[in-house]
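Hi,

Here is the model I promised to pass on. Have a look at it first, and my notes come underneath.

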Amino acid sequence: MLAPPRSLADVTLQETTISSLEEHSAHNYSPLPVVIAEADDIWVTDIHGTKYLDALSGYSALNFGHRHPTLVNAVRAQLDRVTLTSRAFHHDRFAQFCTDVSRLTGKDAILPMNTGAEAVETAIKAARRWGHQCKGVPVDQGTIIVADNNFHGRTTTIVGFSTDPDSRTGFGPFTPGFRSVPFGDVDRLEALIDDNTIAVLLEPIQGEAGVIIPPAGYLAAVRTLTAKHNVLLIADEIQAGLGRTGATFACDHEAVVPDIFVLGKALGGGILPVSAIAADWDVMEVFTPGSHGSTFGGNPLACAVGSAVVALLETGEYQERSRVLGKYLEEGLRSIESDLLVEIRCIGLWAGVQFAPDVSAKKLCLSMMKKGVLAKDTQQSTVRIAPPLTIRVNEVDLLVTALDAAVKEYVGA
Ligand SMILES: *Cc1c(COP(=O)(O)O)cnc(C)c1O
């Protein structure tokens, strides 16, 4: 049940409280004026006791909802045993976790890290060594092709190949060796491939760009092309993978198997940062002792939750829910009638609802918040909808109704 909508006065009051909360924090985010104190499944409760439907899911980190009992139990049990050993020693959760992720991805070997950006960095390092040692590219000369409007994280190397000025301006000098082409354009991609090209790094569906789904056949064509030119295909499935699109991996929709899967977000079950790359030995063998690592990567707690996440995914239930309820969500969104609406991009329980360029998606999200639904704007005029995959039909209705009402009430800035 949705709580009764609060008055605008309540929200303003809360905004005042919030500005004092930010007194000692860097201003690298601009959050909605809500202070969450508790969460359960798809619902979060703020400090005033108001409940909201979480239609963002921590950018897909919460695919299984908040505090999924199976995942919480796995972490709790592990807390009473051992939480951290460092990789200087073996621990009794590690092999199981790697076996589980190997089975899920169909890849020989796993290298666990913590955040998504670290896993992307790991994939880049793997590709660079592979390019030199296996493909024979002169040392330090390998280039990686990425897509315009990509989002792969926030390290200096990664923002260096971002095309978003907010992400990169002022943070140079940047790591060389990256080239960017329009997402979805196979011909432009092929034209850029030369003898020094070692990898193509893509999000199979671009999340931060606004849930951009490439033209049908694009991923399969990129797979064919990269195989033909002995170039690695690296799929950043950090946001798109692990059930979000109605399949285990977004690449599955085109039966594409990349050389490297990059996983993160939901792999930690919304509890811990857990990321990993998965690849066959011909690639993973480039890592030798001392060549890469992380103090926390693959720790017992992370492995316990990661294994539990794989077990949830192996039931197929979440992919199925995402597929079926995603269709229902899409129908609901398409029933919204408004001249402001430009395009609805939907795959599984993931939607980019794009409005005319002069529409403030942030304003729409604020309005949705007042109606009890938390969603996130992206790219100025796109509302991103990505509820936990545990959402039910009547809750999808609530979500659509809130967006519909926000759109109907919208008055320009
Ligand atoms: C969120 C995200 C990342 C970065 O993950 P962090 O855990 O924030 O470092 C990388 N790639 C994609 C596609 C993402 O959505």
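Below are some notes on the ligand site and on how the domains meet.

Housekeeping first: this is a predicted model, with local features needing pLDDT of at least 70 and side-chain atom pairs counting only at pLDDT 80 or more, while totals for chains, interfaces and linings use all residues. Numbering runs from 1 along each chain as its sequence is written, and side-chain values use heavy atoms, with hydrogens and water left out.

**The ligand site**

Around the ligand (a heavy atom within 4 Å) sit Thr115, Gly116, Ala117, Phe151, His152, Gly153, Glu203, Asp236, Ile238, Gln239 and Lys265. By class that shell has three nonpolar, five polar and three charged residues; here Ala, Val, Leu, Ile, Met, Phe, Trp, Tyr, Cys and Pro count as nonpolar, Asp, Glu, Lys and Arg as charged, and the others, Gly among them, as polar.

Which atoms does the ligand meet at Asp236 and Lys265? A ligand nitrogen is 2.6 Å from a side-chain N or O atom of Asp236, and a ligand oxygen is 2.6 Å from a polar side-chain atom of Lys265. At Gly116, a polar backbone atom lies 2.8 Å from an oxygen of the ligand. The protein buries 81% of the 380 Å² that the ligand exposes when taken alone (Shrake-Rupley, 1.4 Å probe).

**The two domains**

An automatic or database assignment splits the chain into domain 1 (8-60 + 317-412) and domain 2 (69-314). Their centres, over C-alpha atoms, are 27 Å apart. Domain 1 gives 24 residues to the contact and domain 2 gives 22 (heavy atoms within 4.5 Å).

There is one salt bridge between the domains (a side-chain nitrogen of Lys or Arg within 4 Å of a carboxyl oxygen of Asp or Glu). Glu208 and Arg384 form a salt bridge at 2.7 Å, N to O.

Cheers

Conventions: Polar contact = N/O pair within 3.5 Å; in protein donor to acceptor, adjacent residues only side chain to side chain.
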